[in-house]
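Subject: Structure for your review

Dear colleague,

Please find below the structure that I am handing over to you. My notes on the packing of its helices follow, and I would ask you to read them with the structure open.

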Amino acid sequence: MSSKSPPPRPAPRLYLATPVVDDPATLLAGLPDLLASADVAAVLVRLKETDQRTMITRIKALAPPVQKAGAALLVDGHAELVARGGADGAHLPGIAALKEALPSLKPDRIAGVGGLTTRHHSMDAGEMGADYVLFGEPDAKGQRPSSQAIAERLDWWAELFEPPCVGFAISLEEAHDFAASGADFVLVGDFVWSDPRGPKAALIEVDAAIKKAHAAALADQEHG
């Protein structure tokens, strides 16, 4: 009997990071239309640092339209505001933050983690119960690995580990490459919001690019 090959990996989905949110009104005006235009699995809300009550109010304003669109709303950092704001989870900047936040987030909410500079840290995060690992985001100085290094890390993780991996893409080309190399989700942000054609056109284009890259990678495997 021939051994059955594993089922093909589903196409990666988009993870959309917001601009830094001060007054959410502008973002809210276009958000439902934007989320309806592409396959967005989750939205990462980056909040301007201010008092807790104001940040909770902003999360409460953003959560319903995101959740109504079928996406999860995650807060960047600030795990302590997740439940009070009605968010679905938090994205945590490293192992220490993940460890601290897990008791308050689990089992009902999502705990994702980035800031994983080594393979060892990534494996630790997976073992601790992270719901996803993110590779490729800039560090405090704005430095990040090369696209190729990020793609290799995604490939390595997808091959060996169960929790989903996310590739942090800063361009359409990177989004395409990360989708081809094993990312379950592709995080996009600034380059979508700053697109001269508007975020909707950029998001539709990047969604098509990751689906195309995934289809091509599957076809290569089949013919491999």
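At what angle do α4 and α5 pack, and how far apart are their axes? The angle is about 5°, and the axes are 10 Å apart. Angles under 35 degrees count as roughly parallel, so α4 is roughly parallel to α5. On the side of α4, the contact is made by I95, L98, K99 and L102; α5 contributes H121, D124, A125 and M128. By class, the residues of this contact are five nonpolar, one polar and two charged. Please bear in mind throughout that this is a predicted model.

Helix α4 itself merits a second look. It spans residues 95-105, and L98, A101, L102 and L105 are buried in it. Why do these residues line one face of the helix? Seen down the axis of α4, the buried residues fall within an arc of 130°, and they therefore line one face. The general principle is that an α-helix has 3.6 residues a turn, so residues three or four places apart point the same way. On the other side of α4, the exposed residues are A96, K99, E100 and P103. The buried residues pack against α3 (82-85), β4 (89-92), β5 (110-113) and α5 (119-128).

A further pair of helices is α1, residues 25-36, and α2, residues 52-68. Their axes come within 9 Å and cross at roughly 20°. With angles under 35 degrees counted as roughly parallel, α1 and α2 are therefore roughly parallel to each other. Their crossing is right-handed. From α1, the residues in contact are L27, L28, L31, P32 and L35; from α2, they are A61, L62, P65 and V66. Which classes of residue make up the contact of α1 with α2? There are nine nonpolar residues, no polar ones and no charged ones.

Finally, I would draw your attention to a single residue, D207, which is found in helix α9 (residues 199-223). Is D207 buried or exposed? Its relative accessibility is 12%; buried means under 20%, and D207 therefore counts as buried. Leaving aside residues up to four places away in sequence, D207 touches L14, A38 and D39.

Yours sincerely,
A colleague

Methods:
Residues numbered from 1 in each chain as written. Predicted model: local features only at pLDDT ≥ 70, side-chain atom pairs only at ≥ 80, totals over all residues. Heavy atoms only, no water. Axes fitted to C-alpha atoms, helices over the stretch in contact; angles between N-to-C directions. Helix = DSSP H or I, 4+ residues; strand = E, 2+ residues; numbered from the N terminus. Parallel < 35°, antiparallel > 145°, perpendicular 65-115°, else oblique. Left-handed = near helix turned anticlockwise from the far one by under 90°. Contact = heavy atoms within 4.5 Å. Nonpolar A, V, L, I, M, F, W, Y, C, P; charged D, E, K, R; others polar. Buried < 20%, exposed > 50% of the residue type's maximum accessible area, 1.4 Å probe, protein only. Arc of directions from axis to C-beta.
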